[in-house]
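The exercises below ask you to read backbone geometry, strand pairing and ligand contacts from a model. Please work through each task before turning to its solution.

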Amino acid sequence: MTVIGVLGGAGTVGRVAVDRLARYGLGELRVGGRDLDRVTAVCRATQGAAAPVRVNLRDPRLLRDFCAGCQVVVNCAGPSYQVLDTVARAAVAAGADYVDAAGDLSAVEALESAAPPELGERAAVFSAGLMPGLSGLLPRLLATGPLARLDGYVGGAARISELSAVDALLTRGLRFGTALAAWRDGRVVPGALAPLHDVTLPGFRGRVHAWPFLSAEFARLAAELDVTEVRNYTVYVTDAIPHALAAAWADGGPVEDHVPAVVAAAEADLAATGPYYTLLFQTVPAPGAGTAPRRLLLRTPDSYALSGVVAAIATGEVLGGRVKPGARSAAECLDPAGVFARLSGDPLVTQAEIL
Ligand SMILES: NC(=O)c1ccc[n+]([C@@H]2O[C@H](COP(=O)([O-])OP(=O)(O)OC[C@H]3O[C@@H](n4cnc5c(N)ncnc54)[C@H](OP(=O)(O)O)[C@@H]3O)[C@@H](O)[C@H]2O)c1
């Protein structure tokens with residue numbers, strides 16, 4: 001019997017990953033977290049076989065026991081910039097494949113440096129969430145020929161867990177991306193773009209603020225595609241979150257001190273519009289390409305829950321043998337058309353269209 005371990009399975013992302021894995025009928029679930037009562041409650045609410053396990057990913061022995069016997073380990077615990085490749089290494093050493101709802105390029109590189117020999121036969125998929133994840137995967141559906149422009153707008157209003165707030169505060173520096181930068185003619189151009197304030201955008205509610213951020217994920221995508229210019233924006237419904245992050249970074253000090261301000265800023269956004277999240281990608285074909293401008297729009301009421309759906313879909317792809325061995329991001333190893341089709345049928349997706 002296939003056993004799928006879900007670490008952090010009682011969390012915001014993990015609960016939905018557990019639910020979808022059970023619905024997809026991919027195997028028996030082993031649901032892990034530090035609080036046994038919480039993972040037990042998740043298992044009771046799950047259709048199908050699910051066993052609760054107390055595990056702290058910082059305890060190597062407990063982590064090893066959790067991974068033993070799993071075909072695949074799905075990590076939904078964080079903060080991802082501290083977890084890095086800890087769980088991936090334990091999973092691969094136990095002979096399991098690995099899927100992480102988070103984990104950036106730094107996590108992929110951490111696993112690849114002094115790569116465990118088992119990685120030659122096991123798949124380790126990082127960034128199997130919404131952003132990073134769908135944000136780097138779905139634009140590929142529009143890149144069917146040479147492009148003059150690719151623009152991405154991802155954002156909305158969502159409650160931020162304390163753990164995710166830590167990740168947001170640590171997502172800083174050139175390893176993660178460059179604020180105000182664009183991609184032009186094969187290179188990152190710093191300071192090329194300005195924030196767009198009080199603008200309307202297809203699929204976003206009312207007026208929004210779009211902050212240019214050429215993420216490492218989007219820059220890798222740009223380098224892969226035949227595209228002259230790429231612009232990527234993170235969209236907020238108010239300026240509360242960018243201001244909270246800027247204040248935290250200016251102040252310095254322990255990252256945990258700034259978590260309440262980031263969580264409160266997200267609550268202020270939620271109060272303004274209610275929960276929603278939108279991914280919007282637009283392309284302009286290169287002159288003479290003979291194709292029309294295109295647009296992809298995907299909307300959900302819950303970006304965290306949708307990340308759990310993406311992690312579950314990625315797990316199905318790994319178990320189905322459709323992901324090659326090695327460490328890579330979901331955007332670079334999943335089939336964009338297949339994932340888009342699965343998402344289109346998920347109740348958490350309220351709009352999915354390609355024009
Ligand atoms: N790619 C994306 O778009 C995306 C979107 C949202 C979130 N994320 C990422 O997904 C991760 C989870 O976020 P979340 O909002 O779901 O967080 P959350 O609600 O706080 O859930 C985290 C879960 O992990 C467990 N956990 C925490 N520390 C642990 C440890 N040391 N050992 C074992 N289990 C542990 C927690 O349970 P216990 O406290 O009982 O251990 C909890 O169930 C974060 O890294 C976040 O940045 C990615």
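P132 lies in the loop between β6 and α7 (134-137), in what is a predicted model.

**Exercise 1. Cis peptide bonds**

Task: Determine which residue is joined to P132 by a cis peptide bond, and which residue is joined to P79 in this way.

Solution: Begin with the loop that follows β6, where P132 is located; the cis peptide bond there joins M131 and P132, with omega at about 10°. Next, turn to the loop between β4 (72-75) and α4 (80-83), which holds P79; here the cis bond is formed between G78 and P79, and omega is about -5°. As background, most peptide bonds are trans.

**Exercise 2. Positive phi outside glycine**

Task: Locate L84 and A114, and decide for each whether the residue is buried, partly exposed or exposed.

Solution: In general, most residues other than glycine have a negative phi. Consider L84 to begin with, which is not a glycine and yet has a positive phi of about 45°; L84 belongs to the loop between α4 and α5 (86-93). Because its relative accessibility is 26%, L84 counts as partly exposed. Then consider A114, also not a glycine, whose phi is positive at about 50°; A114 sits in the loop between α6 and β6. With a relative accessibility of 68%, A114 therefore counts as exposed.

**Exercise 3. Strand β6 and its partners**

Task: Work out which way the side chains of β6 point, and how many bridges join β6 to β5 and to β16.

Solution: Step one concerns the residues of β6 (residues 123-126): A123 and V125 point one way, A124 and F126 point the other way, and all are buried. Step two takes β5 (residues 97-100), which runs parallel to β6 and is joined to it by two bridges; within this pairing, Y98 has A124 as its bridge partner. The chain passes from β5 to β6 through helix α6 (residues 105-112), and this β-α-β crossover is right-handed. Step three takes β16 (residues 326-329), which pairs with β6 in the parallel sense over four bridges; in that pairing, F126 stands opposite S329.

**Exercise 4. Surroundings of the ligand**

Task: State how many residues surround the ligand, and give the distances of the polar contacts made by R34, D35 and N56.

Solution: The ligand is surrounded by 28 residues, of which the closest are T12, R34, M131, S161 and D167. M131 is also the residue joined to P132 by a cis peptide bond. For R34, an N or O atom of the side chain is 2.7 Å from an oxygen atom of the ligand. For D35, the contact comes from the backbone, with an N or O atom 3.0 Å from a ligand oxygen. For N56, a polar side-chain atom lies 2.9 Å from a nitrogen atom of the ligand.

**Exercise 5. A threonine and an arginine**

Task: Find which backbone oxygen the side chain of T278 reaches, and over which ring face R342 lies.

Solution: T278 is part of strand β14 (residues 276-285), and because its relative accessibility is 0%, T278 counts as buried. Its side chain reaches the backbone oxygen of G203 at 2.7 Å. R342, in turn, lies over the face of Y24, at 4.5 Å from the ring centre.

Methods:
Residues numbered from 1 in each chain as written. Predicted model: local features only at pLDDT ≥ 70, side-chain atom pairs only at ≥ 80, totals over all residues. Heavy atoms only, no water. Buried < 20%, exposed > 50% of the residue type's maximum accessible area, 1.4 Å probe, protein only. Pairing = 2+ DSSP bridges. Right-handed = clockwise from strand over helix to strand, strands pointing away. Lys NZ or Arg CZ within 6 Å of the ring centre and 35° of its normal. Near = heavy atom within 4 Å. Polar contact = N/O pair within 3.5 Å; in protein donor to acceptor, adjacent residues only side chain to side chain.
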